[in-house]
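Colleague: I'm new to this structure and would love a close look at one part of it. Could you pick a sheet and its surroundings, and then lead me outward from there?

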Amino acid sequence: MMSDQGSARLSCQVRRFMARTRGLAYAQIAPDLTIVEASPNLKALVTANAKEVVGQRLTDLFWEFVGAEEALLAILNGESASYRLEWVNFVLPDGTTTYLTFEVGALNEAEPGAGLIFVIEDATAHGRLEQVVMQDRNELRLIQGRLTAANAELQRLLQFKSLVLSLASSEFRTPLTTIRLYAGLLMKESSTAGPEDRQRFIATIYGQANRLASLVNDLLDLDLIEAGHLNLNRVPCDLSSMIRQVTEVMNAVVIPRRLTWTFDLPEQPLIVQGDAEHLWRIVYNLSSNAVKYAPENTPIQVIGRFEADAAALHIVSAGPSMTETQLAQLFQPYYHTEAARQNPLSGADLGLFVVKYLVEAHGGRLAVTRQPDRGTTFSVRLPLQ
Amino acid sequence: MIVIQKKVCLLGDFSVGKTSLVRRFIEGRFDDKYLSTIGVRISRKTLQRSNGTLNLLVWDLAGAQEFNTQASYLVGVAAALIVCDMTRRETLVSCAKYVQQVRAMNQSALLVFVGNKVDLVGESVSAEAELRACSETQGGDYVLTSAKTGVGVDLAFELLARKIEAPA
């Protein structure tokens with residue numbers, strides 16, 4: 001308990017405070033943190049339910065001090081001058097907010113262990129002004145942020161438009177020219193060309209159309225990726241079944257080049273939780289890449305299996321030799337190796353970049369390795385959960 | 001029965017939805033109107049647990065964009081929700097700063113990262129990947145929430161509660 005002398009000092013301090021401010025409540029706190037004296041208006045500010053204030057522990061009445069016991073003890077030990085909380089929001093029954101400042105200091109700085117003084121100051125008038133200023137500033141910042149984002153999106157769209165135009169003039173032209181050429185041949189020579197020639201013309205048109213479709217899909221994916229708008233609609237997907245379907249689609253290109261698929265797939269479905277459309281792009285782009293670069297009359301091995309907590313897909317083919325540096329750059333957009341530049345089937349080469357992004361979006365990993373005796377292996381590991 | 005009382009702080013840039021998350025969690029409602037918080041608003045939520053009662057004292061702190069959160073607000077913090085807005089990438093970048101502030105006050109404070117306003121972006125892969133990376137780097141779980149629809153809000157606080165209960 002406080003001595004009479006201490007109590008007189010408190011009254012004197014509070015009187016000085018009250019002379020300066022209106023809306024003040026106070027309490028005198030014993031070293032064990034119980035309230036020994038309080039202004040009559042303190043009870044209205046207590047955050048916990050309590051009938052009495054005096055005799056209660058400060059931390060039981062005011063949630064604001066839960067966890068702050070050490071800070072209060074530091075004041076009692078003379079290690080700290082005060083503990084202050086500004087702008088403590090206090091919602092009144094009518095829904096309006098008052099702003100309070102809580103401050104605890106030593107009752108007697110010369111003898112800090114004697115007890116504490118806790119003062120609550122009503123800072124509502126100042127707080128409401130501050131809130132209005134903050135509100136205006138934050139709303140302006142939000143508008144500024146939206147404008148900046150809209151500008152960035154505009155720039156991105158302009159760049160994308162340039163990319164599409166540049167691709168339209170280069171990458172799209174070759175397959176379109178080929179399609180027109182072979183379609184023209186079919187029309188002109190439908191009566192004279194033999195069945196084998198006709199089949200070859202159709203296969204070429206089909207292959208070039210696929211190349212165009214793939215390029216358009218990669219571009220659309222790239223647009224979503226760059227805009228940060230790629231969404232995943234996860235459902236259970238059977239990778240094995242997807243592999244069979246994709247390779248079937250590619251046979252029109254694979255058979256004329258005398259490539260062969262060899263499959264090593266589990267008997268049970270290879271189920272992963274993923275976006276079916278994006279998983280299809282992953283399998284398609286990797287298979288397409290293998291088909292593009294595998295020398296004629298070679299096998300392309302497709303392995304699907306469970307590996308620990310992942311579903312793994314490995315596509316192995318005898319592609320062109322690559323250095324470690326080239327392998328490391330393979331997943332960059334628009335990256336071409338020398339072999340790719342010379343390959344007539346090579347396109348804008350967005351495919352592997354798109355694959356890497358989609359795999360990682362599924363929480364998976366994409367890797368590429370090259371062994372002279374085995375060829376190039378692209379490995380995808382997708383988490384089962 | 002055991003009664004535990006813990007101080008939990010919500011930190012994040014302005015307008016990420018901290019007050020709305022607290023309102024949804026405590027009062028089960030949502031208000032579309034944006035009202036900037038200054039200072040701190042403290043609420044209490046009592047959770048009944050298998051071994052007793054857990055009182056979460058939830059400190060909804062003003063969004064600090066350019067100033068440091070007042071250190072005194074973080075005194076005694078046991079756990080924190082670090083909140084970002086999934087529609088504003090810059091609010092995700094700030095998360096590391098808030099972690100630092102919490103850690104400066106309590107090195108072993110428990111953290112859950114919250115990507116709020118997920119109703120406005122669907123399942124944004126890039127933002128979620130960044131949030132996941134942030135939570136992995138800083139040591140904490142992450143939850144996608146919408147204070148508007150209520151998605152993930154209880155889960156975020158539940159995760160925090162479980163972390164508080166878990167033996168150290």
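Modeller: Let's start with helix 7 of chain A, residues 239-254, which lies across strand 7, strand 9 (299-307), strand 10 and strand 12 of chain A. Relative to strand 7 of chain A, helix 7 runs at about 170°. Such angles run from 0 to 180 degrees between N-to-C directions, with axes fitted as lines to C-alpha atoms, for helices over the stretch in contact; contact means heavy atoms within 4.5 Å. Helices (H or I, at least four residues) and strands (E, at least two) are DSSP runs, numbered from the N terminus.

Keep in mind that this is a predicted model, where local features need pLDDT of at least 70 and side-chain atom pairs pLDDT 80 or more, while totals for chains, interfaces and linings use all residues. Residues are numbered from 1 along each chain as its sequence is written, chains are lettered from A and ligands numbered from 1 in the order in which they are written, and side-chain values use heavy atoms, leaving out hydrogens and water.

The sheet beneath our topic is open and has five strands of chain A, in the order 7-9-10-12-11, with mixed pairing. Its edges are strand 7 (260-264) and strand 11 (365-371) of chain A, each of which pairs on one side only. On average, neighbouring strands of this sheet are turned by 15° against each other, direction ignored. Two strands pair if DSSP finds at least two bridges between them. Strand 10 (residues 310-317) and strand 12 (residues 375-383) of chain A pair in the antiparallel sense, over eight bridges. There, Val316(A) stands opposite Thr377(A) of strand 12.

A further helix of chain A, helix 11 (residues 351-361), lies across strand 11 and strand 12, running at about 130° to strand 11. Back at helix 7, the loop between helix 7 and strand 7 of chain A holds Arg258(A). Most residues other than glycine have a negative phi. Arg258(A), though not a glycine, has a positive phi of about 55°.

Now to the place where the chains meet. The contact takes 35 residues from chain A and 32 residues from chain B. About 2,800 Å² is buried between chain A and chain B, with carbon and sulfur atoms giving 56% of that area; buried area is the accessible area (1.4 Å probe) that two parts lose on being put together, summed over both. Between chain A and chain B, 13 residue pairs are in polar contact, both residues at pLDDT 80 or more. A polar contact is a pair of N or O atoms within 3.5 Å; within protein, one must be able to donate a hydrogen and the other to accept it, and residues adjacent in sequence count only if both atoms are side-chain atoms.

On the side of chain A that touches chain B, strand 3 (82-91), strand 4 (97-106), helix 4 (124-169) and helix 11 of chain A each supply at least two residues. Helix 4 of chain A gives the most to that side, with 10 residues. Strand 3 of chain A also runs parallel to strand 2 (residues 40-49) of chain B, joined to it by two bridges. In that pairing, Asn89(A) has Arg41(B) as its bridge partner.
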